Amino acid sequence: MKRKTFWLLTALALLALLLTACAPAAAPTEEQAAPEEQAAPAGLEPAKEIVFYNWSEYIDPEIYTLFEDETGIKVVEDNFSSNEEMLAKLQGGATGYAVIVPSDYTVSIMIEEGMLAELDQANIPNLANLSEQFKNTYYDPGNKYCVPYQWGTTGIGYIDGEVDEPTSWAVLFNPDPNHPAYGRTTMLDDAREAFAAALVYLGYDINTTDEAQLQEAKDVLIQAKAGLAGYDSDTYEDLLASGENLMAHGWNGDFLVAQEENENIAYTIPEEGGVIWVDNMCIPASATPEEKLAAEMFIDFILRPDIGAMLSDYNYYASPNAAAEANFDAEFLEDPTVYPPAEVLDKLQFIHPVGEAESLYQRLWDEVKSAAP
Ligand code: N2P
């Protein structure tokens, strides 16, 4: 079976599974919610403080307090805005990070480069709470290195009532000076995401390594610049909520969070399709044994059903944690922005590592960024 077809089927199976979770489910059992005994190597004490290197606004800070109350381990957060930024930082020799959150394709790259520590699953008994689909991902079968954190999609957020629903990526790539969002639109500051949008608009594989297709994608990305206020992966949803911008290329949950502030924010995946992704908690190979143990305890804590529910309650992304989903309300589980219906899932693709072509994407992206609008 082709990898793409396999993933599609996996995604569809996933949806079916998530929808069945709509039925009222039993409360988490005592056993699932109870703090675990950690099977630590004799004599090894977990680090007293760890650094969690994560995307911005992706975790309820209250979770750190609960974890510290229970384990005495303090979690300090540092943020990155793209997989490539995080990867470059670690490749550059940065240490001190105990848990990082790469997306699917970046996990593949990091495993291949020997940048991740193998998990000691004995320290993560709550792994059992994961949905089956997330126990055997293409990029990390058997959760040898990572544990899925949250998953979502990439599409377009907009202010309903001020702009029409963008049904095609053309609204970005063929910008119309008379469109109300002209000059009040942002795109993700993210090479692979930006190219994926351009490639899907052109009808090409989002993981193409064909240089002519990539050049064409670069040209439409440059063409889009006339209508853009800028590239932004961290505050784009706030700029919609405040009314400064009217449209943004971005991640589904971020728009839902911003909806709390501005109920006119809507999200759509254009007809040509979009990206589906899974973010993961992993431990860099550079972590000390003490940091690694504390990191595993933290990952296990996130996998608790009540903490998994707190996470989605805060960031509005779908959870890979089946036990946590039992705590979700039906409204969330039925929200098509969070759990795309089959006909939308059908049009979503995962970003894959492109090997040698990675540097070509990066070079073309640099050209896009530095081109005059
Ligand atoms: C949360 C960012 C979502 C991560 N602000 C996209 N992979």
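In this predicted model, the ligand occupies the largest cavity. Nine residues need not be treated separately here, as they form one shell: Trp55, Ser56, Tyr58, Ser103, Trp251, Asp254, Trp277, Asp279 and Tyr317 surround the ligand. By residue class, this shell comprises five nonpolar, two polar and two charged members. The charged members are Asp254 and Asp279, and the polar ones are Ser56 and Ser103. The nonpolar members are Trp55, Tyr58, Trp251, Trp277 and Tyr317.

Polar contacts to nitrogen of the ligand involve both backbone and side-chain atoms of the protein. From the backbone, an N or O atom of Ser56 is placed 2.7 Å from a ligand nitrogen atom. From the side chains, an N or O atom of Asp279 lies 2.9 Å from a nitrogen atom of the ligand, and a polar atom of Asp254 is found 3.1 Å from a nitrogen atom of the ligand. The ligand taken alone exposes 270 Å², of which the protein buries 98%.

Aromatic pairing was also examined, and 23 aromatic pairs were counted. One of them joins Tyr231 and Trp365, with ring centres 5.2 Å apart; the planes meet at 75°, over the 60 degrees required, so the pair is edge-to-face. Tyr231 belongs to strand S8 (residues 230-231) and Trp365 to helix H16 (residues 358-370). The two residues are 134 residues apart, and their pair thus links distant parts of the chain.

Notes: Residues are numbered from 1 along each chain as its sequence is written. This is a predicted model: local features need pLDDT of at least 70, side-chain atom pairs count only at pLDDT 80 or more; totals for chains, interfaces and linings use all residues. Side-chain values use heavy atoms; hydrogens and water are left out. A residue is near a molecule or strand if one of its heavy atoms lies within 4 Å of it. A polar contact is a pair of N or O atoms within 3.5 Å; within protein, one must be able to donate a hydrogen and the other to accept it, and residues adjacent in sequence count only if both atoms are side-chain atoms. Accessible areas come from the Shrake-Rupley method with a 1.4 Å probe; for residues, only the protein chains shown count as cover. On a 1 Å grid over the protein atoms alone, a cavity is a set of points where a 1.4 Å probe fits but cannot get out, and a pocket is an open set with protein on both sides within 12 Å along at least five of seven lines; lining residues have an atom within 4 Å of a point. A molecule sits in a cavity or pocket if more than half of its atoms lie within 2 Å of its grid points. Rings of Phe, Tyr and Trp (its six-membered ring) pair if their centres lie within 6.5 Å; planes under 30 degrees apart count as stacked, over 60 as edge-to-face and the rest as tilted. Helices (H or I, at least four residues) and strands (E, at least two) are DSSP runs, numbered from the N terminus.
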